[in-house]
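Welcome! Here is a short briefing on one helix and the loop that leads into it. Take a look at the structure first, then read on.

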Amino acid sequence: MTRHDAVLVLTCDYDPTADLVLRHLTDRRVPVVRVDAGADLHRGAKLTARYAADRRRGVLATASRTLDLDRVRAVWYRRPSNWGAPAGMDGQDADFARAQAQWGVGGVLAALPGAHYVNHPWRIRAAEHKPAQLGTALAAGFAVPDTIVTTDPEQARAFCAEQPAGAVYKPLWNAPYHDEGGRALQAWVGEVRPHEITDAVAACPHLFQAKVDKAFDVRLTAVGEQLFAVRIDSPDLDWRRRQDLITCTPLAVPASVRASVARFLAEFHLVFGAFDFAVDVSGAWSFLECNPNGQWAFLPPPTTGAIATAIADELQKGHAA
């Protein structure tokens, strides 16, 4: 079966969040091809791209469908698996195969002519760097807590001592970490005092930030020009730690924040962004971070439904968006 003007969804096999959007597209009779490129490549999927003369042609074939890569209206880069190697291949051969898949298949799917990306994978990666986020947030007009990224323990101690309300540590990237039993560990945002900072800071860059005397948190999900904000009340400094204890309430977005969100997305060429803010007792919003591929299905059903509809709208419009 060949599907023209289809929406290509790149995600893993089990992704309930993607299912919410795919139901909308199915109800609207928008052709959808769902592929987990990193895994499907070794489950019978085949990809061919040809570049000749003044045009390129490409075909992605799975066990059930064939997609003309020149006729893709939109690509939703959701949560695909990591690039893999064929079963039974290991060592340098496996490393080589994974690299070729990433740069070959990944490169082809990231360069589809006329396709509207939500978001483009290269844009996602560029926007995931916290130092780049902080600089862009300042330029966009957000209020940003005083922050330092350093490998100097003395600078870190001095910075934390200067903060009237205290300081917090947050990782620059949530790299996989496990205890001795193989259980996954998570580095949550946590308070840190000057005397707790050791010379181990010199081992790699660390990010320390002034603690916001917050009244509550905000998760703001942006889909194009549509913004969906909820107030999050939590007993924890990092609300992600025990999400079963949070309460979420829809919240209006101040005009100044709305304008800064638009500038931030434009700078990174993003269509989607999951922003986190801390709001203090005076009502001032402080930018904490933006996840360009963040989760949103944990939000209250009305908000989740509205976000799913907005993403489906964006994908259905395609390059005309």
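How many Å should the 12 residues of helix α1 span at 1.5 Å a residue, and how far apart are its end C-alpha atoms? The model is a predicted one, and in it the expected span of α1 (residues 16-27) is 16 Å, while the end C-alpha atoms lie 17 Å apart, which agrees.

**The two sides of helix α1**

- Let's begin with the inside: Thr17, Ala18, Val21, Leu22 and Leu25 are the buried residues of α1.
- Looking down the axis of α1, you will find these buried residues within an arc of 125 degrees, so they line one face of the helix.
- On the face turned away from that buried side, α1 carries the exposed residues Arg23, Thr26 and Asp27.

**What the helix packs against**

- Three strands are packing partners of the buried residues of α1: β2 (6-10), β3 (32-35) and β7 (72-77).
- Another helix, α8 (301-317), also packs against the buried residues of α1.

**Before and after the helix**

- Asp15 sits in the loop between β2 and α1.
- Is Asp15 buried or exposed? Its relative accessible area is 4%, and a residue counts as buried under 20%, so Asp15 is buried.
- The side chains of Asp15 and Thr11 make a polar contact at 2.5 Å.
- If you set aside neighbours within four places in sequence, Asp15 is in contact with Arg34, Arg78 and Arg79.
- At the other end, just after α1, Arg29 adopts a positive phi of about 60 degrees.

Key:
Residues numbered from 1 in each chain as written. Predicted model: local features only at pLDDT ≥ 70, side-chain atom pairs only at ≥ 80, totals over all residues. Heavy atoms only, no water. Helix = DSSP H or I, 4+ residues; strand = E, 2+ residues; numbered from the N terminus. Expected span 1.5 Å × (residues − 1). Buried < 20%, exposed > 50% of the residue type's maximum accessible area, 1.4 Å probe, protein only. Arc of directions from axis to C-beta. Contact = heavy atoms within 4.5 Å. Polar contact = N/O pair within 3.5 Å; in protein donor to acceptor, adjacent residues only side chain to side chain.
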